[in-house]
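Me: I would like a close look at a single part of this chain, taken slowly and set in its surroundings. Please choose the sheet and the residues packed around it, and work through them one after another.

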Amino acid sequence: LDGVEQYDLKENQWKSLPFPLTSRRGRVSGTILHDQIYVCGGSNGQKELNTAERLDLKSMTKWSTIKELSAPVAHSGALHLLFSTYLSTRFSSSSDV
C-alpha cells in the first residue's frame, strides 16, 4: 500500500490524501511527534523493510524519507514520549515471551 487516508471527525468520513508514501508498504508502524507523522518498517510484500518516512502535518505536501532503521521490522509497535520515537524491533522465539 502506498496510499494514505485521513479521517475527518467533523464530517465523519475518510478521504484519500493526494500524495502517496515514498515506498509501498504494509504491516507498518506509525506515530505522531511534533506535528509530523512517522511511518517505520513494514513489508513490501517480498521482504521486511528498514526504511522510514515522515509527513509534516503543517505543510501536508509530501512524504520524505528519513534515516533507515538499524534492522528490518514489521508488525512492530511505535510510540512517542517527550522528544523521541520508540519502535519495538526485536523478536524472541523464547517460550517466555
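**The four-stranded sheet and its surroundings**

Reply: From the N terminus on, the elements of this chain run β-β-β-β-β-β-β-β, and the model in which they are seen is a predicted one. There are eight strands and zero helices. Of the 97 residues in the chain, 24% are buried, and the accessible surface comes to about 7200 Å², with 51% of that area belonging to carbon and sulfur atoms. Among contacts between residues at least 6 apart in sequence, 35% join residues at least 24 apart.

The part to look at closely is an open sheet of four strands, ordered β3-β4-β5-β6 and paired in the antiparallel sense. Its edge strands are β3 (29-33) and β6 (63-66), each of which pairs on one side only, and from one strand to the next the twist averages 25°. As a general matter, strands of a sheet pair through backbone hydrogen bonds, either parallel or antiparallel.

Within this sheet, strand β4 (residues 36-40) is joined to strand β5 (residues 52-56) by five bridges in the antiparallel sense. Two of the residue pairs can be named here: Y38 has R54 as its bridge partner in β5, and V39 stands opposite E53 in β5. On to the next pairing, β5 and β6 are antiparallel over four bridges, and there L55 stands opposite W63 in β6.

Several of these residues return in the largest nonpolar core, which has seven members in all: V4, L17, F19, L21, V39, L55 and W63. The facing residues L55 and W63 are thus both members of that core, as is V39, whose opposite number in β5 is E53. F19, also a core member, touches L55 and W63 together with M60, T61 and K62, if residues up to four places away in sequence are left out. In soluble globular proteins, nonpolar side chains tend to be buried together.

M60, one of the residues that F19 touches, lies in the loop between β5 and β6. The hairpin of these two strands has six residues between them, and M60 takes a positive phi near 45° there, although M60 is not a glycine. Most residues other than glycine have a negative phi. M60 counts as partly exposed because its relative accessible area is 24%, which falls between the 20% limit for buried and the 50% limit for exposed. A second residue of this kind is H34, in the loop between β3 and β4, which is not a glycine and has a positive phi of about 50°; H34 is likewise partly exposed, because its relative accessibility is 48%.

R25 deserves a separate paragraph. R25 is placed in the loop between β2 (13-16) and β3, and R25 counts as buried because its relative accessibility is 2%, where the cut-off for buried is under 20%. A polar atom of the R25 side chain lies 2.6 Å from the backbone oxygen of G41, and the side chains of R25 and T51 are joined by a polar contact of 2.9 Å. Leaving out residues up to four places away in sequence, R25 touches L1, V39, C40, G41, S43, L49, T51, A52 and E53. That list includes V39 and E53, the two residues that stand opposite each other across β4 and β5, and V39 is also one of the seven core residues.

Technical notes. Residues numbered from 1 in each chain as written. Predicted model: local features only at pLDDT ≥ 70, side-chain atom pairs only at ≥ 80, totals over all residues. Heavy atoms only, no water. Core = buried A, V, L, I, M, F, W, Y, C linked by side-chain atoms within 4.5 Å. Buried < 20%, exposed > 50% of the residue type's maximum accessible area, 1.4 Å probe, protein only. Contact = heavy atoms within 4.5 Å. Pairing = 2+ DSSP bridges. Axes fitted to C-alpha atoms, helices over the stretch in contact; angles between N-to-C directions. Areas by Shrake-Rupley, 256 points an atom, 1.4 Å probe, with all protein chains shown as cover. Polar contact = N/O pair within 3.5 Å; in protein donor to acceptor, adjacent residues only side chain to side chain.
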